[in-house]
Amino acid sequence: MSAFSRQTEQNQVPFLVVMSGIITLAWLSLWMLGRSPHNRYVSHDHLAGGVGFLESPATMSLFVGGWTLMVVAMMLPTTLPLISLFRGIVRQQERSLELVLLLLSGYIAVWMAFGILVHLGDAGMHYVVDRSSWLTANAWIISAAVLLGAGIY
């Protein structure tokens, strides 16, 4: 093993420890939120039951916060190889830490936006179905359309 490889591995250890701590903290926060009176904002069963995050700014904040915790806990671990590679590419730059934080922030922001968009789409779909007896009677069409759209995508 070359000296460069050993130095790179040694530089990875603190990074991986910090990232593991953040991910563990997110899981712990989700666990605690799941046992709190506000668990309906992170539970898929409750969200499907019509919890709308447009009820109030506080409700929206709880939903976005819960979604962000889920992104950090579940999606961030899958990006560790990408982040490690990016760290290696920018490690010689003055602002390498800022660049890594920008990458992480952008990743989390995109997932947050996706969560908000999908939740709004779901709320819109419930609004339409609740006002259409034909769609209520033929709910299978919605599932088929979603699967068709996913297949086309």
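This note sets out points on the helices, side-chain pairs and surface of a predicted model.

1. Helix H3. This helix covers residues 57-90 and falls short of the span of a straight helix. A straight helix of 34 residues would extend over 50 Å at 1.5 Å a residue, whereas the end C-alpha atoms of H3 are only 39 Å apart. Where does H3 bend? The bend, of about 55 degrees, is at Leu-76. A proline, Pro-77, follows Leu-76 within four residues.

2. Helix H6. The 13 residues of H6 (residues 140-152) reach 18 Å from the first C-alpha to the last, close to the 18 Å expected at 1.5 Å a residue. As to its surroundings, the number of buried residues in H6 is 0, so this helix lies largely in the open.

3. Salt bridge. How many salt bridges does the model contain? The count comes to 1. The partners are Arg-95 and Glu-98, with their closest N and O atoms 3.7 Å apart. This distance satisfies the criterion because a side-chain nitrogen of Lys or Arg must lie within 4 Å of a carboxyl oxygen of Asp or Glu. In general, side chains of opposite charge can pair when their charged atoms come close. Arg-95 has a relative accessible area of 49% and is partly exposed; Glu-98, with 48%, is also partly exposed. Neither value passes the cut-off for an exposed residue, because exposed means over 50%.

4. Aromatic pair. The search of the whole structure yields 1 aromatic pair. It joins Trp-111 and Phe-114 in an edge-to-face arrangement, with 5.5 Å from centre to centre and 85 degrees between the planes. Both residues belong to helix H4 (residues 96-130), where they are 3 residues apart and thus separated by about one helical turn. An α-helix has 3.6 residues a turn, so residues three or four places apart point the same way. Trp-111 is partly exposed at 24% relative accessibility, and Phe-114 is partly exposed at 41%.

5. Nonpolar surface patch. Which residues make the nonpolar surface patch of about 440 Å²? Its members are Leu-25, Leu-28, Trp-31 and Met-32. One of these, Leu-28, is located in helix H1 (residues 3-34). Leu-28 counts as partly exposed, at 42% relative accessibility. This value admits Leu-28 on the area criterion, because patches are made of residues with over 30% relative accessible area.

Methods. Residues are numbered from 1 along each chain as its sequence is written. This is a predicted model: local features need pLDDT of at least 70, side-chain atom pairs count only at pLDDT 80 or more; totals for chains, interfaces and linings use all residues. Side-chain values use heavy atoms; hydrogens and water are left out. Buried means under 20% relative accessible area, exposed over 50%, partly exposed in between (1.4 Å probe, protein chains only). Rings of Phe, Tyr and Trp (its six-membered ring) pair if their centres lie within 6.5 Å; planes under 30 degrees apart count as stacked, over 60 as edge-to-face and the rest as tilted. Helices (H or I, at least four residues) and strands (E, at least two) are DSSP runs, numbered from the N terminus. Patches are made of residues with over 30% relative accessible area and no salt bridge: like charges are joined within 9 Å, nonpolar side chains (Val, Leu, Ile, Met, Phe, Trp, Tyr) within 5 Å. Accessible areas come from the Shrake-Rupley method with a 1.4 Å probe; for residues, only the protein chains shown count as cover. The expected span of a helix is 1.5 Å times one less than its number of residues. The bend at a residue is the angle between axes fitted to the seven residues ending there and the seven starting there.
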